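Good morning, and thank you for making time for this presentation. Please take a moment with the sequence and the structure before I begin.

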Amino acid sequence: MKIGILGTGSVGQTIGTALIAKGHEVMMGSRSASNEKAKAWVAKNGANAGNGTFGDAAQFADLVFICLNGSIAPVALQQAGAANFIDKVVIDVTNPLDFSHGMPPSLLPQYCNTYSLGEEIQKLLPDAKVVKGLNTVTANLMVNANLVNDGNHNLFICGNDIDAKNKVKHLLADNFNWKPENILDFGDIKSARLTEAIVPFWVGAMQVLGTPMFNYIVVK
């Protein structure tokens, strides 16, 4: 596949590198096509890696990962242009975290309780098929579920398009070792309110445990 990654941070780089290792072509997007972090990542990852603007990456891709700081994601998507996302599956990995008062973070007030960043992204990209996912685990675990408890733990997704969610499940199973039966579908994109809301708890648990290599498991 041709896959776009919006964001040059550790999450975007980890996902992009893992996808290239699986044979996909990946373009990393940022504000500028001359972004030094993106160019350095391309230099490390060979012929199937490329970089450009947010719009370049979205236009190039069959499927797009949004791996941006939650506070800047809406502006970045406006820069990318909604027309570049039409009919594409968009995996939203963002979290609306506010670190201004220290650790653990709270949620940005405009994206909590009765609204979410996932809903805002779907609103900004009305003709895209947004699937919220991977936002509740650390980057290394995103791309290899087997690193914790032999892969026996849960990932939460949500989105308005059932076919898009099925495509995401297959992508995660085929490339990142997520067991389909452990991927829990929470329904439409409004459920991003729930999956984003547990992330401050995750950060607090990480502080207590002293490692990000853990995850949730639902037992019934």
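I shall go through a strand pairing, the salt bridges, the nonpolar cores and a few backbone details in turn.

Please bear in mind throughout that this is a predicted model.

I begin with the strands. Strand S2, residues 25-30, and strand S3, residues 49-53, run parallel and are joined by five bridges. Within this pairing, Met 28 is placed opposite Asn 51 of S3. Together with helix H2, which covers residues 36-45, S2 and S3 form a β-α-β unit of right-handed sense.

I turn now to the charged side chains. As a general remark, side chains of opposite charge can pair when their charged atoms come close. How many salt bridges does the structure hold? There are six, and I shall discuss some of them.

One is formed by Glu 119 and Arg 193, whose closest N and O atoms are 2.7 Å apart. This pair connects distant parts of the chain, since Glu 119 belongs to helix H5, residues 117-124, while Arg 193 belongs to helix H8, residues 192-197, with the two positions 74 residues apart in numbering. Are these two residues buried or exposed? Glu 119 counts as buried because its relative accessibility is 10%, under the 20% cut-off. Arg 193, with a relative accessible area of 25%, is partly exposed.

Helix H8 also contributes Glu 196, whose side chain meets that of Lys 132 in strand S8, residues 129-132. This contact is a salt bridge with an N to O distance of 2.6 Å. Here too distant parts of the chain are linked, the partners being 64 residues apart. Both partners are buried: Glu 196 has a relative accessible area of 1%, and Lys 132 has one of 0%. The pair is also part of a network of salt bridges in which Asp 92 is linked with Lys 132 and Glu 196.

A further salt bridge lies within a single helix. Lys 167 and Asp 163 are both in helix H7, residues 162-176, four residues apart, or about one turn of the helix. Their side chains meet at 3.4 Å, N to O. Lys 167 is partly exposed, at 44% relative accessibility, and Asp 163 is partly exposed as well, at 41%.

Next, the nonpolar interior. Which residues of the largest nonpolar core touch the most other members? In this core of 35 residues, they are Ile 15, Phe 65, Leu 134, Phe 176 and Trp 178. Helix H7 gives the most to this core, with five residues. Leaving aside residues up to four places away in sequence, Ile 15 touches Ile 5, Phe 65, Cys 67, Leu 134, Met 142, Val 143 and Phe 176. Another core, of 25 residues, lies apart from the largest one, and Val 64, Ile 66, Leu 68 and Leu 108 are among its members.

Finally, the backbone. Most residues other than glycine have a negative phi, and most peptide bonds are trans. The bond between Met 103 and Pro 104 is cis, with omega about -10°; Pro 104 sits in the loop between strands S6 and S7. Asn 149, in the loop between helix H6 and strand S9, has a positive phi of about 50°. Asn 177 likewise has a positive phi, near 65°. Asn 177 is located in the loop between H7 and strand S10, and is partly exposed, with a relative accessible area of 32%.

Thank you for your attention.

Methods. Residues numbered from 1 in each chain as written. Predicted model: local features only at pLDDT ≥ 70, side-chain atom pairs only at ≥ 80, totals over all residues. Heavy atoms only, no water. Pairing = 2+ DSSP bridges. Right-handed = clockwise from strand over helix to strand, strands pointing away. Salt bridge = Lys/Arg side-chain N within 4 Å of Asp/Glu carboxyl O. Buried < 20%, exposed > 50% of the residue type's maximum accessible area, 1.4 Å probe, protein only. Core = buried A, V, L, I, M, F, W, Y, C linked by side-chain atoms within 4.5 Å. Contact = heavy atoms within 4.5 Å.
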